[in-house]
Amino acid sequence: KDMIRKLRVPRDDPSEHSVILNNYDYWKLKARSKVMSPEEEKKIMDNVKREKENQQMLSEARKEEMKKLDIMRRKNEKLTDLEEEAYQQSRGLLQRAMEQRQEDEDEIKSLNEMMLNAKIQAIRDAQILEKRQIKVETVDEERRLDLMMEK
């Protein structure tokens with residue numbers, strides 16, 4: 001008692017049940033507490049959707065630009081020795097495979113056979129000519145030796 005009135009002191013501490021919000025949470029709760037009409041909600045959702053699509057289109061444009069830049073960089077980039085060797089090796093394999101495929105065709109086979117026969121004939125003609133030249137040289141040498149013996 002304070003001589004004038006009776007003071008009542010509560011038994012439970014009321015501060016236990018109170019909630020303290022920071023400024024951000026307070027404004028967030030306040031914004032959510034507004035009741036909107038379906039038209040307003042639809043308008044807000046459309047705006048959010050439009051903004052999201054816009055952001056996605058911008059992101060796709062940036063992605064395409066980066067791909068183009070990466071392709072340009074790869075074209076202008078010089079290959080390392082290992083990559084160059086692998087590239088040359090793969091080109092050689094492809095070339096051999098192409099030649100093998102072409103050789104399997106009948107027309108190519110007959111052309112290859114004709115070329116081989118022409119080579120064989122040319123070598124044979126050269127050998128016959130060489131044999132004749134050797135024979136002529138030996139006959140000339142024998143005549144020369146016979147002439148020397150007669151003198």
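Helices here are DSSP runs of H or I with at least four residues, strands are runs of E with at least two, and both are numbered from the N terminus. Keep that in mind for helix 4, which covers residues 106-150 and holds both aspartate 140 and arginine 143.

First, some ground rules. This is a predicted model, where local features need pLDDT of at least 70 and side-chain atom pairs count only at pLDDT 80 or more, while totals for chains, interfaces and linings use all residues. Residues are numbered from 1 along each chain as its sequence is written, and side-chain values use heavy atoms, with hydrogens and water left out.

## The overall picture

What does the secondary structure of the protein come to? Four helices and zero strands. Reading from the N terminus, the elements go α-α-α-α. The radius of gyration of the protein (taken over C-alpha atoms) is 51 Å, well over the 15 Å that the globule rule (2.2 Å times the number of residues to the power 0.38) gives for 151 residues, so the protein is more spread out than a compact globule. Its C-alpha trace spans about 175 × 45 × 25 Å along the principal axes.

What about burial? A residue is called buried under 20% relative accessible area, exposed over 50%, and partly exposed in between (1.4 Å probe, protein chains only). By that rule, buried residues make up 0% of the 151 residues. The accessible surface of the protein comes to about 16,000 Å², and 56% of that belongs to carbon and sulfur atoms. Those areas come from the Shrake-Rupley method with a 1.4 Å probe, and for residues only the protein chains shown count as cover.

Two C-alpha separations help you get your bearings. Aspartate 25 lies in helix 1, and its C-alpha atom is separated by 36 Å from that of alanine 61, 36 residues apart along the chain. Arginine 73 sits in helix 2, residues 38-76, and its C-alpha atom is 48 Å from that of glutamate 113, with their positions 40 residues apart along the chain. Both starting points are partly exposed: aspartate 25 has a relative accessible area of 30%, and arginine 73 has 43%.

## Around helix 1

Now look at tryptophan 27, which lies in helix 1, residues 23-32. Rings of Phe, Tyr and Trp (its six-membered ring) pair up if their centres lie within 6.5 Å; planes under 30 degrees apart count as stacked, over 60 as edge-to-face and the rest as tilted. How many aromatic pairs does this rule give? The count comes to one. That pair is tyrosine 26 with tryptophan 27, edge-to-face, at 5.3 Å centre to centre and with 75° between the planes. Tyrosine 26 is partly exposed at 40% relative accessible area, and tryptophan 27 is partly exposed too, at 47%.

Both rings also belong to a nonpolar patch on the surface, made up of Val19, Leu21, Tyr26, Trp27 and Leu29, with about 530 Å² of accessible area together. Patches are built from residues with over 30% relative accessible area and no salt bridge, joining like charges within 9 Å and nonpolar side chains (Val, Leu, Ile, Met, Phe, Trp, Tyr) within 5 Å.

## Salt bridges along the helices

A salt bridge needs a side-chain nitrogen of Lys or Arg within 4 Å of a carboxyl oxygen of Asp or Glu. The count by this rule is five salt bridges. Here are some of them:

| Acidic residue | Basic residue | N to O distance |
|---|---|---|
| Aspartate 70 | Arginine 74 | 3.2 Å |
| Aspartate 140 | Arginine 143 | 3.9 Å |
| Glutamate 141 | Arginine 144 | 2.6 Å |

Start with helix 2, where aspartate 70 and arginine 74 are four residues apart, about one turn of the helix. Aspartate 70 is partly exposed at 25%, whereas arginine 74 is exposed at 55%. There's a bit more going on here: Asp70, Arg73 and Arg74 are linked in a network of salt bridges.

Over in helix 4, aspartate 140 and arginine 143 are three residues apart, about one turn of the helix. Is arginine 143 buried or exposed? Arginine 143 counts as exposed, at 53% relative accessibility, while its partner aspartate 140 is partly exposed at 41%.

Glutamate 141 and arginine 144 also lie in helix 4, three residues apart and about one turn of the helix. Glutamate 141 counts as partly exposed at 36% relative accessibility, and arginine 144 is partly exposed at 41%.
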